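Here are two exercises to work through with the model open beside you. Try each task before you read its solution.

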Amino acid sequence: MTNSVSEVSKSDVLFVTGSNTTENHPVIGSMMKRAVQDGAKLIVADPREIELAKYADVYLQIKPGTSIALANGLMHVILEEGLEDKDFIEKRTEDFDEVKEIVKEYTPEKVAEICDVNAEDVRKAARIFGEAERAAIYYCMGITQHSTGTESVMSISNLAMMTGNIGREGTGVNPLRGQNNVQGACDMGGLPNVYPGYQPVTVPEIAKKFEDAWGVELSKEAGLTLPEMMDNALRKDLKAMYIMGENPMVSDPDTAHIKKAIENLEFLVVQDIFLTETAELADVVLPAAAFAEKDGTFVNTERRVQRIRKAINPPGEAKYDWEIFVDLMNRLGYEEKLQSAEEIMEEISKVTPQYGGIDYQRIDGNGLQWPCPTKTHEGTKFLHGEKFARGLGLFKGIHYKPSAEVTDDEYPFIMTTGRVLYQYHTRTMTGKTEGLNNLMPESFIEINPVTAEQKNISDGDMIKVASRRGEIKVKAKVTDTIAEGVVFIPFHWAEGAANILTSGAVLDPYSKIPELKVSAVAIEKA
Amino acid sequence: MVTVTINGQKVEVAPETTVLEAAEKIGVKIPTFCHDPRLKPHGSCRICVVEVKGGGNLPTACVTPVWEGMEVETESHDVVVARKEILDLILADHPLECLTCERAGSCTLQDLCYQYEIEETSFDGERTNYPIDESNDFYYSDQNKCIKCGKCVMVCDQLQQTNAIGFIGRGFETHVGTPFELGLEHSTCVSCGNCVSVCPVDSLGPKKKVKYRSWEVDKVRTTCSYCGVGCQMDLLVKDNRVVEVQPAEGVNNRMLCVKGKFAFDFLSHPDRLKKPLVRKNGRLQEATWDEAYDVITGKIKEIKEAHGPSVFAGLTSARVSTEDNYMMQKFMRAAIGTNSVDHCARL
């Protein structure tokens with residue numbers, strides 16, 4: 001997030017898109033509802049009529065994969081009605097004309113047709129957003145899990161910059177991070193092209209810095225992304241994988257493809273707290289300590305580095321994840337002396353500029369929000385305050401492109417995926433809580449009543465859902481919260497797994513994110 | 001700023017400050033049942049009454065703003081008499097089951113009855129007899145113990161914004177319930193448990209898998225391990241087992257969701273991996289750490305010798321700690337020699 005969670009209450013307009021906040025970030029979801037009660041206006045754009053839609057001043061039930069067209073349409077109206085922040089555009093940004101030129105053709109009528117919404121609603125939303133003193137955009141995977149995911153983020157960033165809604169309290173472009181420490185994993189260089197602190201592996205001076213810090217020669221070539229790893233494994237160009245705390249057999253697109261790739265490996269190590277679907281395929285499985293069994297930190301969605309503390313002992317012989325790597329490094333001939341989570345954080349702060357001022361004493365109370373470059377720096381509540389990281393904010397004119405996966409006569413419905421309140425990711429943790437399984441026992445497919453009637457489907461029927469990748473059976477949930485022509489399946493369950501149907505073939509060219517939110521499917525009563 | 005005198009001690013505070021807040025500032029504790037700084041002030045329980053010099057009645061400290069020259073006594077004779085009366089009235093319809101009550105030791109009513117020496121009620125009247133609502137998977141509602149402070153209703157309405165529960169009936173009949181008395185199971189309740197966390201007595205309580213007394217547990221402050229909000233919470237630990245989770249102050253404003261509050265069973269689940277497993281004859285079998293490490297390092301050396309470091313890849317995790325992530329990428333980059341390390345940020 002460019003801004004902080006507590007700023008939800010400081011905005012006079014919230015634009016929530018591609019985020020089912022009350023189910024996936026429930027505590028922030030309740031803050032949003034509170035903000036609306038206290039007078040903030042709410043715009044929701046989502047293919048599903050989520051709980052927040054009921055609280056919205058404008059709800060746009062957009063067709064999956066059309067967010068760029070909507071953002072362009074909102075900007076079209078804002079410019080047409082002179083609601084842009086001319087001062088901000090002039091002083092803080094560049095290349096505005098590029099966007100101005102492109103959004104010209106995105107009239108509300110044209111956008112209404114692409115997104116399958118009402119043109120007047122596009123105008124109304126644009127006015128609410130454009131007239132706001134402090135408008136904040138909140139988004140999640142509904143924006144990013146598309147073949148145009150990165151461009152979707154760019155287009156909503158255009159919208160924020162055009163209206164001067166960045167770099168101030170209660171504004172911003174705010175991705176809600178879905179996992180407890182996805183921010184920390186990215187910050188620590190859990191990405192193939194960067195070291196900790198997003199320092200590119202391909203820049204010689206940076207590689208040199210890490211070679212000095214770690215005392216070994218390092219590869220100057222960017223590594224493989226997760227989807228590329230799987231493709232390389234299929235071709236047997238990848239021989240060995242080490243997987244920690246991940247379950248790609250359920251979480252990744254096109255399960256059949258992933259299974260084949262993993263089975264092709266010569267050697268697989270999985271380190272986890274349970275024998276997951278992925279661990280079952282491993283050559284060696286290592287037992288790890290869970291969050292309550294170790295010291296360390298998680299970094300939340302607002303970049304706050306916060307402590308976790310050891311409350312209980314790990315079960316049996318399970319070890320800390322970091323401890324296992326230290327053991328293996330020493331056995332492989334790399335002398336690693338780090339002996340505790342706190343010592344590791346000391347090393348992190350030395351090589352990661354954003355973490356320069358972070359240590360366990362300083363974060364003991366309320367954590368610290370990076371960037372926090374020095375020991376006297378108080379952390380950063382919102383980004384881009386005085387200037388953008390690159391100096392001037394760069395506008396990028398983005399045209400709408402249809403999703404890579406298209407419907408046809410054989411696969412006429414768009415399937416979109418997501419999560420539900422009562423389960424979490426691949427259920428490794430939530431599946432062990434009886435109460436949650438009582439409330440949300442099995443996978444389901446949301447189908448519009450009109451579609452259901454055409455297909456002679458009743459609520460509770462078992463439905464065969466087929467895509468170009470595979471086929472599953474799930475229970476029908478007939479509901480008018482989903483539009484005709486669209487169906488929704490949560491991806492949590494290994495039984496009736498949505499990811500058997502999704503595609504990993506077409507990736508976003510920038511971030512390599514798969515197009516998980518759009519798959520063409522056929523449905524019929526099983 | 002205005003100057004107020006509380007129990008003879010002077011304190012300077014901002015004009016909008018309440019007597020309760022001013023007292024807190026100088027460490028004077030005024031008892032409360034219904035007060036929560038996150039809620040709109042309502043002053044319904046009356047236990048925080050204080051005496052103000054020159055005033056006729058006893059105002060409630062939680063809603064009364066200070067004024068210049070105000071003189072307050074928080075434990076005067078009249079105040080204590082009033083508090084005793086309030087406790088006496090509450091006990092008139094509250095079962096004295098402290099011996100077996102789950103909240104013994106962490107119950108505000110018990111603490112105040114101890115402080116003001118109220119052993120039992122002096123009233124002899126009708127008592128409520130509600131069936132306990134156990135229909136929610138994670139908590140129960142025992143209206144026979146409710147003291148009508150209203151905190152649960154207000155948290156559900158003002159903070160959680162779910163409005164699953166409300167006050168039903170009037171006078172003696174007043175109790176907390178769901179629309180049409182259909183029970184929690186059939187309400188809009190999302191099982192966040194934020195009502196349970198604020199109940200000062202045992203009217204709303206978590207269904208415990210392990211019995212424990214409040215004085216038997218250690219509290220450990222940590223960060224929730226589910227979504228990216230980073231809610232702060234306390235793990236209550238008894239005999240090396242997490243037995244309850246309570247929300248703490250932080251980004252979450254002392255709120256949690258159903259997963260953070262109630263879904264910690266996985267920690268002590270029998271299926272947790274406890275020993276390394278090594279595949280032998282096609283089957284994963286228990287092994288020692290030394291054996292597992294030998295297989296891993298042997299294979300890494302063998303494959304690296306034959307194909308170089310570029311045929312290795314690692315998936316680090318959005319679920320483990322920052323420190324674990326740092327060590328994983330350092331292991332891949334410094335010890336194996338490849339930048340092929342990624343994780344499920346995109347999923």
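**Exercise 1: two domains in touch**

In chain A, 14 residues of domain 3 are in contact with 16 residues of domain 4 (contact: C-beta atoms, placed from the backbone, within 7 Å). This is a predicted model, in which local features need pLDDT of at least 70, side-chain atom pairs count only at pLDDT 80 or more, and totals for chains, interfaces and linings use all residues. Residues are numbered from 1 along each chain as its sequence is written, and chains are lettered from A and ligands numbered from 1 in the order in which they are written.

Task: Which elements give two or more residues to the side of domain 3 of chain A that touches domain 4 of chain A?

Solution, step by step:
- Find the bounds: the assignment, from an automatic or database source, puts domain 3 of chain A at 224–287 and domain 4 at 413–525.
- Name the elements: they are helix 13 (248–251) and helix 14 (255–264) of chain A (helices: DSSP runs of H or I, at least four residues).
- Rank them: helix 14 of chain A gives the largest share, 3 residues.

**Exercise 2: a helix pair across chains**

Task: At what angle do the axes of helix 15 of chain A and helix 7 of chain B cross?

Solution, step by step:
- Take the axes, lines fitted to C-alpha atoms over the stretch in contact, with angles from 0 to 180 degrees between N-to-C directions: helix 15 (residues 321–331) of chain A and helix 7 (residues 289–307) of chain B come within 10 Å and cross at roughly 55 degrees.
- List the contact: Asp327(A), Leu328(A) and Arg331(A) meet Tyr293(B), Ile296(B) and Thr297(B).

Key:
Contact = placed C-beta atoms within 7 Å.
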